[in-house]
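Here are a few friendly notes to read with the model open beside you. Take the points one at a time and find each residue as you go.

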Amino acid sequence: MHTVWVRLNAVVFFGLSVLLSLSCLAALSKIGHASKHQPGELGITFILCVVIFLILLVVYSLDVYKLELNTLKSLKSHGGVDRALLSFDILADMEPAFHWNIKQLFVYVVASYETPMHLENKVVLWDKIIQASDANKMIDEENVFVKYALVDQGGDSSLLGRNVELRLMWDHMPITGLLHMDGQSPESVSSFTLPTTYDARP
């Protein structure tokens, strides 16, 4: 005759095994959803759940309608560090990035530029978290002031006259499974050129 503890142990570990199996199924069910997930493009993803042999068709379209400079507030240098403050307009529909295994998206705007010293420079200017429970997953804002300044510590007037690209990026944060990044297609990014002189205002 098995004791209560032996039976309780069997029930608990059976429950944990079921939970592990369901977590694996949840991770497998989203394979392929984000691999073709590009802004402004339509696509069809076939999601195959191996254990239950179920094929789901998911049609999605994520559009980054607008991400562009609104106003350059200032461009200054202090102690060999260049700093630009700016605002931008953004309009993007993030709804198609969500499926049942996505808890939230970490969305951020990246400024990219080149200098003679460093061929690739990327600075995060703004970020936002969109939860799966949010009713409105559309980002529609104008004249958004950056949370983090565009700063370059390379010296030698690093930001003067530089061409800067703004690109929307996002991290998928699933309930279970691996985190992965995605972003606006390089062909649809906007760019602007910084002035060749610093702001004379104090």
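1. Start with the neighbours of Lys137. Leaving aside residues up to four places away in sequence, Lys137 touches Ala92, Asp93, Met94, Glu95, Phe98, Ile130, Gln131 and Ala132. Please keep in mind that this is a predicted model.

2. Where does Lys137 sit? Look in the loop between β5 (121-131) and β6 (138-145). One of its contacts deserves a second look: a polar atom of the Lys137 side chain lies 3.1 Å from the backbone oxygen of Ala132.

3. Is Lys137 buried or exposed? Its relative accessible area is 8%, and buried means under 20%, so Lys137 counts as buried. For the protein as a whole, buried residues make up 39% of the 202 residues.

4. Now zoom out. You should find 1 helix and 10 strands in the protein. Following the sequence, the order is α-β-β-β-β-β-β-β-β-β-β. Among contacts with a separation of 6 or more, 64% are between residues 24 or more positions apart.

5. For a closer look at strand pairing, try β8 (residues 163-174) and β9 (residues 180-183). These two strands run antiparallel and are joined by 4 bridges. Within this pair, Met169 has Gly183 in β9 as its bridge partner. The hairpin has 5 residues between the strands, and Gly177 takes a positive phi near 115° there.

6. Last, the outside. The accessible surface of the protein comes to about 12000 Å², and carbon and sulfur atoms account for 62% of it.

Key. Residues numbered from 1 in each chain as written. Predicted model: local features only at pLDDT ≥ 70, side-chain atom pairs only at ≥ 80, totals over all residues. Heavy atoms only, no water. Buried < 20%, exposed > 50% of the residue type's maximum accessible area, 1.4 Å probe, protein only. Polar contact = N/O pair within 3.5 Å; in protein donor to acceptor, adjacent residues only side chain to side chain. Contact = heavy atoms within 4.5 Å. Areas by Shrake-Rupley, 256 points an atom, 1.4 Å probe, with all protein chains shown as cover. Pairing = 2+ DSSP bridges.
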